[in-house]
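Q: Could we go through this structure together? I would like to begin with its open spaces and then turn to the ligand and the backbone.

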Amino acid sequence: MPNPISRRSLLGAAGAAAALAPAGARAAGPETDKVGFAIVGLGKLSLGQLIPGLKVAKGAKLAAVVSGHPDKARRVAAENGLPADAVYGYDDYDRMAQDPRIQVVYIVLPNALHAEHTIKALKAGKHVLCEKPMATTIADAEAMIAAAKATNRHLMIAYRCHYEPLNLDVMRRLRAKSLGRVRQINTTMGRQADPSDPSDAWRLDAALSGAGALGDMGVYGISAARYLLNEEPVAVQAWAWTDPADPRFKETQDLINWQFRFPSGVIANGSTSFAYAPTMAFEAICEQGRLVADPAAFYGGNRLTVVKGGQAQPPVPAPPVDQFAREMDWMADVVRGKAPMVSPGEEGLQDMRLMQAILDSAAKDGATVRTDWGYRRAVDPAAVVDIA
Ligand code: NAD
C-alpha cells in the first residue's frame with residue numbers, strides 16, 4: 001500500500017498548521033465548535049441516516065430542519081432537541097439567511113428540486129451539500145455550480161463512497177497496482193422499485209427523478225468506475241431494455257447497460273435496473289487477480305474479496321463506520337478550511353454528462369458517443385481521505 005498523501009500536505013503549510021487529525025481518528029469537538037447543518041426534506045434518507053449520522057458526527061451537528069410538513073418538522077425538531085425557531089418551511093430561505101446557527105444546507109429532496117433549493121440556499125449565504133444525482137438536467141447542474149461561484153460558497157455533492165473506507169481501500173490497492181494493472185471494471189447497481197412506496201413513486205416519475213434507475217442507482221456505478229481508475233472515460237456505448245408490460249416503467253427506463261472506454265485501455269461495464277434483485281457491487285479485474293466488492297455501497301456490511309491467482313482470500317469486511325457522518329464531517333472540515341473539497345459540483349456535473357451520453361447512446365442502440373470533453377477531477381479521494 002502506498003503512503004497516502006495526507007490532506008495536510010494537500011492543504012499546504014497554512015492549512016496544515018490549523019489542520020485537524022484525520023476525521024476518523026479525531027475526537028468529537030465541543031458542541032459549540034461543530035458546523036451547523038440544516039436538513040432540507042425529511043424523507044427516508046434524512047430520518048433514517050442523516051439525522052442519526054449527525055448524532056455521531058465529530059464536527060457537524062443538526063441545527064435546523066426544513067420541510068413542507070410543519071407538524072412533522074416540529075416533531076422531528078423536538079425529538080432532536082432543536083428549538084421551535086429552528087424549524088423552517090421551503091420558502092423560508094430569507095429567514096435562514098439571518099440564522100448564524102446554520103452554515104451548511106443539506107438538500108435531500110427529490111432530484112428535480114435539487115437545483116432550485118441549492119441555488120436558494122447559496123443565495124442565502126449558506127454552503128450546500130446536495131444529494132446525488134446532482135440534478136435532473138445538465139443545465140441545472142451548471143446553474144448550481146455558477147451560483148456557488150457567484151456566492152463564493154462551497155457546493156459539495158453527497159457522494160458518500162468517496163469517504164467510505166472499503167471504497168478508499170480498493171482505490172488505494174488499484175493505485176498501488178497490488179494485483180498488477182487493472183484491465184476491466186464491472187459495476188452492477190440496482191434493485192426492485194416499489195411504486196406503492198411514495199419514496200419510489202417519485203423515482204419512477206420522470207419529471208421528479210430525471211433518469212429513473214440510472215440516476216438513482218446507476219450513478220453509483222458511473223462514479224465508481226471513475227474513482228476506481230482515477231481517470232475519465234473517452235467514449236461510451238449503451239443499450240437499454242424496458243418491459244412495456246411492466247406498469248412501473250411508464251415514464252422512465254428500466255435496464256440499462258453501458259460500456260465506458262478509458263484512455264488507459266480499461267473497459268468499464270455498468271448495469272442498472274429498477275427490476276432486478278438488490279445489488280450494489282463492483283469488481284476490478286487486474287492482471288494477477290480480482291478485487292470484488294459485494295456489496296460495495298450498502299449503508300453497512302460492505303465486503304471486499306481479494307482473488308489472487310484464482311484463490312479467493314477470506315473476505316475483508318468494511319470497518320463499521322457511519323458513512324453519512326464521515327461525509328458530513330468532511331463537509332464540515334471543508335467549511336472550516338481544514339480539508340480539500342473532494343466531491344464538488346463539477347463531479348456531479350461530470351456524472352450528469354455521462355448519464356446523458358449513456359441515454360444518447362442507448363437511444364441509438366449502442367452508437368458510440370464521445371465523452372472526451374477534458375474533465376479531470378481536482379482531488380483524488382484515495383490521496384486525501386483517511387481510511388480510519
Ligand atoms: P424520500 O421520498 O423518502 O424523501 C423525499 C422528501 O422530499 C420527503 O420528505 C417529501 O415529503 C419531500 N418532498 C418535497 N417535495 C416533494 C415532491 N414534490 N414530491 C415528493 N416528495 C417531496 O426520498 P429519499 O430516499 O430520502 O431521497 C431524497 C434524495 O436523497 C434523493 O435525491 C435521493 O437520490 C437521495 N438519496 C441518496 C442516498 C445516498 O445513499 N446518498 C440514499 C437515498 C436517497
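The exchange below covers pockets, the ligand, a cavity and some backbone details.

Q: Before anything else, what kind of model is this?
A: It is a predicted model.

Q: How much space lies in the largest pocket?
A: The largest pocket holds about 960 Å³ of space. It is lined by 43 residues, and those closest to its centre are Lys44, Leu45, Ser199, Arg203 and Tyr299.

Q: Which element gives the most to that lining?
A: Helix 2 does, with 5 residues. Other elements that give two or more residues include strand 7 (182-192), helix 10 (213-229) and helix 11 (323-335).

Q: And what is the lining like by class?
A: It has 19 nonpolar, 13 polar and 11 charged residues.

Q: Why does the largest pocket lie between the two domains?
A: Domain 1 (34-158) and domain 2 (164-318 + 345-384) both contribute residues to its lining, so the pocket lies between them.

Q: On to the ligand. Which residues come nearest?
A: There are 25 residues around the ligand, and Lys44, Asn111, Lys132, Arg160 and Trp202 come nearest.

Q: What are the polar contacts of Lys44, Glu131 and Ser199 with the ligand?
A: A polar backbone atom of Lys44 is 2.8 Å from an oxygen atom of the ligand. In the side chain of Glu131, an N or O atom is 3.0 Å from a ligand nitrogen atom. The side chain of Ser199 has an N or O atom 3.1 Å from an oxygen atom of the ligand.

Q: How much of the ligand does the protein bury?
A: The protein buries 82% of the 830 Å² that the ligand exposes when taken alone.

Q: How many cavities of 30 Å³ or more does a search of the whole structure find?
A: The search finds 1. The largest cavity contains about 30 Å³ of space, and its lining consists of Tyr159, Arg160, Cys161, His162, Tyr220, Ser223 and Tyr227. Arg160 is also one of the residues that come nearest to the ligand.

Q: Changing topic, where are the cis peptide bonds at Pro133 and Pro295?
A: One joins Lys132 and Pro133, with omega about -20°. Pro133 is in the loop between strand 5 (127-130) and helix 6 (138-151). Another runs from Asp294 to Pro295, with omega near -5°, and Pro295 lies in the loop between strand 12 (289-293) and strand 13 (303-308).

Q: Is phi of Asn152 positive or negative?
A: Phi of Asn152 is positive, near 60°. Asn152 is found in the loop between helix 6 and strand 6 (155-157).

Q: Why remark on such cases?
A: Most residues other than glycine have a negative phi, and most peptide bonds are trans.

Conventions. Residues numbered from 1 in each chain as written. Predicted model: local features only at pLDDT ≥ 70, side-chain atom pairs only at ≥ 80, totals over all residues. Heavy atoms only, no water. 1 Å grid on protein atoms, 1.4 Å probe; cavity = no way out; pocket = protein on both sides within 12 Å on 5 of 7 lines; lining within 4 Å. Points joined across faces, edges and corners; volume = space filled by probe spheres on them. Helix = DSSP H or I, 4+ residues; strand = E, 2+ residues; numbered from the N terminus. Nonpolar A, V, L, I, M, F, W, Y, C, P; charged D, E, K, R; others polar. Domains from an automatic or database assignment. Near = heavy atom within 4 Å. Polar contact = N/O pair within 3.5 Å; in protein donor to acceptor, adjacent residues only side chain to side chain. Areas by Shrake-Rupley, 256 points an atom, 1.4 Å probe, with all protein chains shown as cover.
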